[in-house]
Each structure stands twice: as C-alpha cells, then as structure tokens.
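Visitor: I have a few questions about how the helices pack and where the core lies. Please show me the model before we start.

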Amino acid sequence: MRNYLTIDVEDYYQVSAFEPIVGAEKWDQYPSRVVENTRRLLEVLDRHGVTATFFVLGWIGERHPGLVKDITERGHFVACHSHQHRLIYELTPKKFKKDTRRAKDVLEQIIGKRVVGYRAPSYSITRQSWWAYDILSDLGFEYSSSVFPIHHDRYGIPNAPRFRFNVPGHDLVEYPISTVRFLGQNMPVSGGGYFRIFPYWLTKMGLSRINKVDRQPFVFFVHPWETDPEQPRMRRANAVSKFRHYTHLRKTLGRFEKLLNDFQFIPILKHKIRQNNWVKIIKIILIIL
C-alpha cells in the first residue's frame, strides 16, 4: 500500500496557535529557521528515496525562493498552503480568494509550473467555510487536503468522509487527513502533534490498521519546525498551545525515519474517482448543511 506523504512548509512562529501573539505583520521580526528545517527533511527523504508533496506558504516563497526551487529540483511536488496562514473561516470569501491567488502566483512563478494542490491552514475547511471549494475551483486547483474528520477546537468535520472523495459540484478531489475508527469515533493518528505526543507504536498500529483493515492509503503530514528542538520559545503562548507545539520535538526526526522504513509513500496526485453511488454524494452534501 502506497500512502501519501505531505510536508506543510511554514515557520515556527506562523502556526495558528501563535497568531494571537505573533500576527503576520510581526513575522519579519523573528529569526527564520524554515530553510534549515526543511532541508533537514529533504535530506532524510533523499536517503530513503521518497518523494512527497510540500504545501508551501506563499509568504515563504517570496522570501526563500531558493528553498522552493530546491524542493522541486529534488523531485518533490509543490502545492499551496495559503499566503499568510489565516484560518479560512475567519476570512471573507473575497479575502480568501485574494490570499490564495497571491500564494499560487508566487509559487508558480518560482517553479515555472501550475500549482494544482491546496491545503488550508490548520485544516480550516469546515462546515462554516465549505464555500472555499468554490474559490479553489475557480482558481484552477484540482485537489485539496484540507478536511480533518475529527472533533477539535480549531478545525474538523467529524462526519466527513475519512478517505478521498469528489467535492460535489466541482472537478476537485479532497484528501482528508487520515483517522482510525475506535469505539465509534474518528481518532487522529496521521501526523503533526499527534505523531509527537502519541508513542510511535500506537501511531504505527493505527496507520497499519488503515492499510490492512480499511484497505486504504493514509495521508500523513509533518512540519519542518517539528524537527527543531532549538527553536525560540513563545513565552506568552497559553499552556495548551505550548504543550501541542513543543512536546517531543527531539523525537520527531527519529520517528520520521522509522515511519519511512515501515511504510511506503508517494506524493498526493489528483485521482478522479468514479462516483456512481448517489447515496455517497448525498451524504457529503448533508455534511455541509
């Protein structure tokens, strides 16, 4: 089973949890560590012969175009992660379109190719922001990986499909972040803070279950800053955000190497899904009502 490996390229101070204390207007005041951290991941992927999809902020592309070129020159795929990492449901459709178009244009100018993939900041396509698919389709995106089918204080559509689906009304495929079913609930198991906080054996067991029981590939994600235990600390962040962000940073890289040994990976690429079952389509529509 070949699974989907994704990297969300953003710096440590750009995460949504820190936005109340570090707005985009202050980003240039912080020392950037994204180039070193991303190249650390690129070197690991080179050693394992694995290619991935890198969802890159347009803001990063403007300041570090050489990094974006390096990603593509090593055989990876560049996709869009917005320009300023703003939660979609906090934006108007007009502001969302402006932000997304700017990021897409920046990345396309750097790599000289169309950018057809998109990931929402903090998986913020929710019931309240389902309208974002209209704009993504208008801008020429072909796939998204922006829905997390769990309960969470910042994101999530708990009853969304767990595996890739056609977005109703659009020629656009959604690759939800992967979950495992446990006691009738979707449990997060596929990257980020969950990868650092949970023991590796539990992550491996959950991902293996998706492959062997659900017979589906999973979508895994990691951020370059998660490999950087020496990053500056945000002292004014609340306790929950600190726990989620800083727990087990020293273990990420070793666990990531284990993951690459234990599973097979490919980048996300758009796959059209034959959808003859109208019941499934109706179910997806009901999610957003």
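Visitor: Which residues in α3 do V34, V35, T38, R39 and L42 in α1 meet?
Guide: The model is a predicted one. Helix α1 spans residues 34–48 and helix α3 residues 65–73. By class, their contact has five nonpolar, two polar and two charged residues. On the α3 side, the residues met by V34, V35, T38, R39 and L42 are G66, L67, D70 and I71.

Visitor: Are α1 and α3 roughly parallel or roughly antiparallel to each other?
Guide: The two axes come within 10 Å and cross at roughly 10°. Angles under 35 degrees count as roughly parallel. The two helices, α1 and α3, are therefore roughly parallel.

Visitor: How wide an arc do the buried residues of α9 cover around the axis?
Guide: Helix α9 runs over residues 252–262, and its buried residues are T252, R255, F256, L259 and L260. They lie on the same side of α9, because the arc they cover is only 145°.

Visitor: What covers the buried residues of α9?
Guide: Several helices and strands take part. Among the helices are α1, α6 (192–197) and α7 (200–212). The strands include β1 (2–9), β10 (219–222) and β11 (264–266).

Visitor: Which residues have the most contacts inside the largest nonpolar core?
Guide: That core has 72 residues, and helix α4 (residues 93–111) gives the most to it, with six. F220 touches, among others, L5, F195, L207, F256, L259 and F265. The residues with the most contacts inside the core are F220 and F256.

Conventions: Residues numbered from 1 in each chain as written. Predicted model: local features only at pLDDT ≥ 70, side-chain atom pairs only at ≥ 80, totals over all residues. Heavy atoms only, no water. Axes fitted to C-alpha atoms, helices over the stretch in contact; angles between N-to-C directions. Helix = DSSP H or I, 4+ residues; strand = E, 2+ residues; numbered from the N terminus. Parallel < 35°, antiparallel > 145°, perpendicular 65-115°, else oblique. Contact = heavy atoms within 4.5 Å. Nonpolar A, V, L, I, M, F, W, Y, C, P; charged D, E, K, R; others polar. Buried < 20%, exposed > 50% of the residue type's maximum accessible area, 1.4 Å probe, protein only. Arc of directions from axis to C-beta. Core = buried A, V, L, I, M, F, W, Y, C linked by side-chain atoms within 4.5 Å. Lists of a residue's contacts leave out its neighbours within four places in sequence.
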